[in-house]
Amino acid sequence: MIQEFKLLKQLCEVHAPSGREVAMKDFLLRYIAKESKKWKVKPEVYHGEEFQDCIVLKFGKPRTAIFAHMDSIGFTVRYFNQLLPIGSPDADAGTVLVGEDSLGAIECVLEFDKDNHAFYSFGRQIDRGTELTYKVNFRDSKMYIQSAYLDDRLGIYNALKVAETLKDGVIVFTCWEEHGGGSVPYLAKFIYEQWQVRQALISDITWVSDGVEPGKGVAISMRDRNIPRRSFVDRIIAIARKRQVDFQLEVEGMGSSDGRELQVSPYPFDWCFVGAPESGPHTPDERVHKHDIRTMIELYQWLMKDL
Amino acid sequence: MIQEFKLLKQLCEVHAPSGREVAMKDFLLRYIAKESKKWKVKPEVYHGEEFQDCIVLKFGKPRTAIFAHMDSIGFTVRYFNQLLPIGSPDADAGTVLVGEDSLGAIECVLEFDKDNHAFYSFGRQIDRGTELTYKVNFRDSKMYIQSAYLDDRLGIYNALKVAETLKDGVIVFTCWEEHGGGSVPYLAKFIYEQWQVRQALISDITWVSDGVEPGKGVAISMRDRNIPRRSFVDRIIAIARKRQVDFQLEVEGMGSSDGRELQVSPYPFDWCFVGAPESGPHTPDERVHKHDIRTMIELYQWLMKDL
Amino acid sequence: MIQEFKLLKQLCEVHAPSGREVAMKDFLLRYIAKESKKWKVKPEVYHGEEFQDCIVLKFGKPRTAIFAHMDSIGFTVRYFNQLLPIGSPDADAGTVLVGEDSLGAIECVLEFDKDNHAFYSFGRQIDRGTELTYKVNFRDSKMYIQSAYLDDRLGIYNALKVAETLKDGVIVFTCWEEHGGGSVPYLAKFIYEQWQVRQALISDITWVSDGVEPGKGVAISMRDRNIPRRSFVDRIIAIARKRQVDFQLEVEGMGSSDGRELQVSPYPFDWCFVGAPESGPHTPDERVHKHDIRTMIELYQWLMKDL
């Protein structure tokens with residue numbers, strides 16, 4: 001059991017808040033260089049300054065792309081002991097935050113003043129602009145995985161699992177998803193212009209809600225704040241039914257993903273968010289049911305074949 | 001009189017909420033195939049998967065494009081009997097909503113709970129993700145047209161009337177305008193790259209306000225939430241004056257249109273919103289004065305010649 | 001002393017609210033035509049309808065672009081004596097506003113009603129859509145420059161000073177920055193496609209705050225509402241240190257710039273906001289310390305060499 005999610009634990013422990021995804025890029029490039037030899041198809045790997053800290057993998061003759069974001073929420077050190085949010089963190093006072101500045105490693109404590117402004121408590125001043133993330137406590141129980149940053153290390157994990165047997169497709173690892181985006185537009189341009197790919201699956205984590213329960217299977221999101229083209233969503237639902245994968249339909253009015261940027265890009269992308277639901281989003285204690293992880297991987301394997 | 005606005009009535013009755021514009025695409029493709037034989041110039045028609053559910057018509061040597069959006073506001077069925085808005089509907093409890101799901105046709109009633117959340121009242125559960133729109137009651141009186149969805153079926157109607165005598169120009173039918181956009185960027189790219197067109201008229205419906213009255217002529221909008229380039233707006237006003245078309249100048253701080261997406265696209269589009277004003281926007285009872293419809297068509301005919 | 005900032009005074013006095021930047025374009029084209037003969041390298045000048053009211057200067061073999069916006073905040077005349085904001089003006093009742101309409105020059109007074117709606121007081125009605133800006137009172141004291149519109153005429157001034165000795169680089173004068181943007185996407189496309197430039201410096205004015213003081217040197221902004229790629233910001237900080245230019249690090253959670261549009265464009269731009277801090281932003285009395293202006297120019301000169 002430990003073995004099954006070892007890679008997921010490693011991914012969760014990488015420090016990669018929005019804007020500073022470089023450690024995740026390095027981890028993934030090393031992992032792909034080593035593991036891709038065992039994959040059914042060895043992908044072409046695209047990265048470098050023209051991709052900032054993003055990575056694109058191309059397998060065979062692609063028709064569909066998987067998007068998984070590398071960045072996480074966190075905090076930036078402002079002046080004095082003030083903290084600014086990166087994305088939308090949701091943590092209680094007392095949460096342990098980690099990072100590094102010119103004086104070395106940091107392990108400090110999140111606090112809030114009476115106006116609910118975040119600040120840190122630490123034995124010394126931290127350099128301006130230092131990025132802090134949750135200290136990761138990865139918990140692997142019989143039915144659940146619980147950890148900070150399952151959003152979206154589980155989306156990356158899913159993509160890497162699908163990569164093992166993928167024949168035709170693109171996998172895109174993106175940046176800045178938690179904080180306003182910015183990499184998806186040029187990545188969309190690249191894969192559309194190179195291979196005319198304009199079908200996308202957003203490999204990301206959604207929420208347990210009054211209509212989506214843990215353990216009932218991967219969620220296919222019919223809409224969130226954005227509305228994808230219905231005919232594309234219907235094709236995905238039809239494949240899930242035909243292949244008898246356990247899934248749930250999600251319908252939300254809030255929340256967003258890399259799909260938003262595909263929608264408004266100058267390329268005619270169809271997209272659909274397909275991912276496991278979690279409780280405790282953006283807290284240090286995000287929790288996902290293992291059945292939902294396994295059905296997520298299974299559904300992606302079929303979708304990359306059938307779409 | 002019935003004859004003059006028969007097409008408008010048909011357009012209003014098409015079910016095409018944002019994300020599910022396919023019925024409008026099919027209606028328009030059939031209409032264009034049949035009617036364009038009688039037009040002064042038979043346009044080239046562009047559609048298909050590279051255009052999602054959008055349509056582009058190209059006449060002669062185009063310099064200017066007309067943008068009219070196909071989608072309407074509405075509701076998506078969430079869990080239980082909950083409804084989420086598509087765009088910004090404005091309807092009272094008791095409004096009749098229509099749609100279709102796996103069990104067949106739906107005609108249900110909009111209600112609100114004490115927290116003002118929308119829900120439906122119907123004899124059975126409706127499938128998750130089902131899109132509902134207002135039941136259309138089209139009223140044609142001596143001076144006014146009143147119906148749901150004049151926004152923007154009247155913009156489409158205007159474009160189709162202008163098409164009858166158009167020599168040079170592009171007509172673009174877009175999607176998702178009411179809900180965050182997403183088709184205009186790639187459509188702008190297409191018409192700019194194909195024909196170097198970068199002048200655009202937004203054929204859409206605006207509001208009766210303290211400065212814009214029904215029956216006083218088509219509105220030329222100098223700004224809304226967005227501010228178009230003043231020199232382009234001035235050229236449009238000059239043409240309206242020279243051609244002696246009855247018009248009103250609009251100046252607003254709110255509201256948006258397909259023009260916003262042209263403004264922020266990576267192509268140097270000039271745009272101006274030119275459309276009839278309505279009362280009751282986004283309600284089932286939008287009302288437009290016929291003089292404003294007729295001057296809208298007349299001004300577009302001149303603008304497509306003179307710009 | 002008067003001589004040093006004479007050009008800055010002239011720039012502040014140009015009427016160029018967002019959407020009507022044409023007077024600034026004309027001023028700059030005249031200035032560049034005349035002065036560029038004395039510059040170390042005479043740039044190629046790009047402008048015209050494909051650039052709307054923007055201007056691009058290309059020097060030598062560029063690697064980095066300077067972005068400075070031409071537009072300012074202001075007001076649009078709505079109906080009766082109502083005013084709508086252009087961008088986010090911050091002015092008290094009694095502020096003098098200037099502009100011009102079909103009846104001639106205007107010098108009117110800003111007022112607010114009890115609901116805080118802006119209106120004008122003037123001896124006659126002003127044409128709908130007329131743009132009004134602050135009457136400029138340029139003050140040059142021993143240590144400070146104070147004037148309306150240092151944001152961003154000082155950013156333009158900086159770019160023109162750097163132009164005098166620039167060997168390799170691009171300077172871009174943009175529109176609409178104060179009101180939703182719209183020119184940066186196509187300008188980014190142009191310089192990326194023409195010269196593969198994807199490094200950008202935002203030559204704009206920031207705020208004096210609890211962490212950034214007047215007179216302590218130019219601010220290098222590590223983030224605002226948007227978060228640039230950390231590795232690019234680190235290179236800029238390293239150059240400032242190596243070249244021993246007096247600078248301050250800024251870390252903010254709000255505010256935005258042309259950098260935002262570069263970030264979300266379909267081109268892989270790295271960007272960083274580098275500019276002098278001011279007190280009284282968007283008021284008629286913006287004030288900047290001269291040491292911060294001089295270190296801004298000095299740092300840009302090094303950055304354009306070293307990046």
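What follows walks through the annotated sites of chain A and then the contacts between chains. The model is a predicted one.

A good place to start is the residue that UniProt flags as "active site", in an unreviewed entry: A:E177. A:E177 sits in the loop that runs between β12 (169-174) and α4 (184-195) of chain A. With a relative accessible area of 14%, A:E177 falls under the 20% cut-off and so counts as buried. Setting aside neighbours within four places in sequence, the contacts of A:E177 are A:H69, A:D71, A:D204, A:S256, A:S257 and A:D258. With A:H69 there is also a polar contact, side chain to side chain, at 3.1 Å.

Next come the positions that UniProt, again in an unreviewed entry, lists under "binding site": A:D151, A:E178 and A:H282. Although these are spread over 132 residues of sequence, they cluster in space, with a largest C-alpha distance of 10.0 Å.

Of these, A:D151 belongs to helix α3 (residues 150-163) of chain A. A:D151 counts as buried because its relative accessibility, 7%, is under 20%. Once residues up to four places away in sequence are left out, A:D151 touches A:H69, A:E178, A:D204, A:I205, A:E278, A:H282 and A:E286. That set takes in A:E178 and A:H282, which are both on the UniProt "binding site" list. The side chain of A:D151 also makes a polar contact with the side chain of A:H69, at 3.2 Å. A:H69 therefore turns up twice: its side chain is in polar contact with that of A:D151, and with that of A:E177, both of these partners being buried.

A:H282, by contrast, is a loop residue, placed between β18 (277-279) and β19 (286-289) of chain A. Its relative accessibility is 17%, under the 20% cut-off, so A:H282 is classed as buried as well. Beyond residues up to four places away in sequence, A:H282 touches A:I73, A:S88, A:P89, A:D90, A:Y134, A:D151 and A:E178. Here too the list includes A:D151 and A:E178, both of them "binding site" positions in the UniProt entry.

A:E213 gives another view of chain A. This residue lies in the loop between β14 (206-207) and β15 (218-223) of chain A. At a relative accessible area of 40%, A:E213 is partly exposed, because that value lies between the 20% and 50% cut-offs. Apart from neighbours within four places in sequence, A:E213 is in contact with A:Q248, A:P277 and A:D292. A:E213 and A:E278 are 65 residues apart in sequence, and their C-alpha atoms are 8.8 Å apart. A:E278 is also one of the residues that A:D151 touches.

Moving on to the interfaces, chain B and chain A meet through 29 residues of chain B and 28 residues of chain A. Together they bury about 2400 Å², and 46% of that is on carbon and sulfur atoms. Seven salt bridges are counted between chain B and chain A. Among them is the one that joins B:E49 to A:R229, where the closest N and O atoms are 2.9 Å apart. Polar contacts across this interface come to 22 residue pairs, both partners being at pLDDT 80 or more. On the side of chain B that touches chain A, the elements giving two or more residues are β4 (74-77), β5 (83-86) and α4 (184-195) of chain B. By class, that side of chain B splits into 10 nonpolar, 11 polar and eight charged residues.

The contact of chain C with chain B draws on 29 residues from chain C and 27 residues from chain B. The buried area here is about 2400 Å², with 46% of it on carbon and sulfur atoms. C:E50, C:Y79 and C:R128 provide 22% of the area that chain C buries against chain B, more than any other three residues. Between chain C and chain B the salt-bridge count is seven. One of these links C:D53 to B:R229, with 3.1 Å between the closest N and O atoms. There are 21 residue pairs in polar contact, both at pLDDT 80 or more. On the chain C side, β4 (74-77), β5 (83-86) and α4 (184-195) each supply at least two residues to the face that touches chain B. That face of chain C has 10 nonpolar, 11 polar and eight charged residues.

Notes. Residues are numbered from 1 along each chain as its sequence is written. Chains are lettered from A and ligands numbered from 1 in the order in which they are written. This is a predicted model: local features need pLDDT of at least 70, side-chain atom pairs count only at pLDDT 80 or more; totals for chains, interfaces and linings use all residues. Side-chain values use heavy atoms; hydrogens and water are left out. Contact means heavy atoms within 4.5 Å. Buried area is the accessible area (1.4 Å probe) that two parts lose on being put together, summed over both. A salt bridge is a side-chain nitrogen of Lys or Arg within 4 Å of a carboxyl oxygen of Asp or Glu. A polar contact is a pair of N or O atoms within 3.5 Å; within protein, one must be able to donate a hydrogen and the other to accept it, and residues adjacent in sequence count only if both atoms are side-chain atoms. Helices (H or I, at least four residues) and strands (E, at least two) are DSSP runs, numbered from the N terminus. Ala, Val, Leu, Ile, Met, Phe, Trp, Tyr, Cys and Pro count as nonpolar, Asp, Glu, Lys and Arg as charged, and the others, Gly among them, as polar. UniProt positions are given in the numbering used here, feature names are shortened, and annotations may be inferred rather than shown by experiment. Buried means under 20% relative accessible area, exposed over 50%, partly exposed in between (1.4 Å probe, protein chains only).
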